[in-house]
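Visitor: I'm new to this one and would like a slow walk through it. Could you show me the structure and then talk me through some of its contacts?

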Amino acid sequence: MSTLLLRLAAPMQSWGISSKYEQVRETGREPSKSGVVGLLAAALGRRRDADLSDLNRLRFGVRADQEGQELRDFQMVHGEKDYITTRYYLADACFVVGLESEDTVFLQELEQALRHPVFPLFLGRRSCPPAGPVVLGIRQTDLVTALSSEPWQASEYMKKRLLGKNGTITLRMRADARDGEPGGCIRDVPVSFDPAHRRYGYRNVTEKTVTFAAEHDPMQELR
């Protein structure tokens, strides 16, 4: 079992799980599976009507390393009748995403594609390109273990702000649930990205937490 880890950080990102183009476009609190599958499909050069079954079979999980702040934006849409849309984003957020598979070769193909994408990568919307490299690497372990053991990816500035008085922080994680695990069901599996007939299925998710302690550097105060 192997897990490909990604670092998704940007000034702005947005992860809606609704396929409808409504006047109010909300964002989830963390990357959606449908959004990350779209990211992978773009890196591989797949068109919107391509088969996504191999990507959907990947076990998906995400850790919120830097929650970010919700940002609201207004945009004017011009057409037969002009109207204003309200769009929500996550500002200054950072997440670690894990993709688990027994097929390490397939994960290696995804890693290579993300390093050299066919189509531009964006975090939920075209206006949200990633800040810095996306790939953290492949870990030879299961999804939850990989997400629990990967070093905290928040910026150094935010680490100082977010650490509690006891020098620790607890991060939340969401992952595709195993059979029998407690959790909830959400509509977040992309069957088709075809603009004329977008379709989404359901997945069960479970929530966990992981606690990190600050790394003490005795020489820091002398620098």
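**Salt bridges and other contacts**

Guide: The side chains of Arg29 and Glu67 meet in a salt bridge, at 3.9 Å from N to O; the term stands for a side-chain nitrogen of Lys or Arg within 4 Å of a carboxyl oxygen of Asp or Glu. Arg29 lies in the loop between β2 (24-25) and α1 (33-44), and Glu67 in the loop between β3 (59-66) and β4, so the pair ties together parts that are 38 residues apart in sequence. Helices (H or I, at least four residues) and strands (E, at least two) are DSSP runs, numbered from the N terminus.

Visitor: What kind of model is this, and how are residues numbered?

Guide: This is a predicted model, in which local features need pLDDT of at least 70 and side-chain atom pairs count only at pLDDT 80 or more, while totals for chains, interfaces and linings use all residues. Residues are numbered from 1 along each chain as its sequence is written, and side-chain values use heavy atoms, with hydrogens and water left out.

Visitor: Back to Glu67, which residue forms a salt bridge with it at 2.8 Å?

Guide: That is Arg172, with 2.8 Å between the closest N and O atoms. This pair links distant parts of the chain, since Arg172 is in strand β7 (residues 168-176) and Glu67 is in the loop between β3 and β4, 105 residues apart. Arg29, Glu30, Glu67, Arg172, Arg174 and Glu207 are linked in a network of salt bridges, and the structure holds 17 salt bridges.

Visitor: Is Arg172 buried or exposed?

Guide: Arg172 is buried, with a relative accessible area of 17%, where buried means under 20%, exposed over 50% and partly exposed in between (1.4 Å probe, protein chains only). Arg29 counts as exposed at 52%, and Glu67 counts as partly exposed at 33%.

Visitor: Different topic: where is Glu150, and what does its side chain make a polar contact with?

Guide: Glu150 is placed in the loop between α4 (143-149) and α5 (156-162), and counts as buried at 9% relative accessibility. Its side chain makes a polar contact with the side chain of Arg139, at 3.0 Å; such a contact is a pair of N or O atoms within 3.5 Å, where within protein one must be able to donate a hydrogen and the other to accept it, and residues adjacent in sequence count only if both atoms are side-chain atoms.

Visitor: And what sits over the ring of Tyr89?

Guide: The charged end of Arg125 does, 4.8 Å from the ring centre, the rule being that NZ of Lys or CZ of Arg is within 6 Å of the centre and within 35 degrees of the ring normal.
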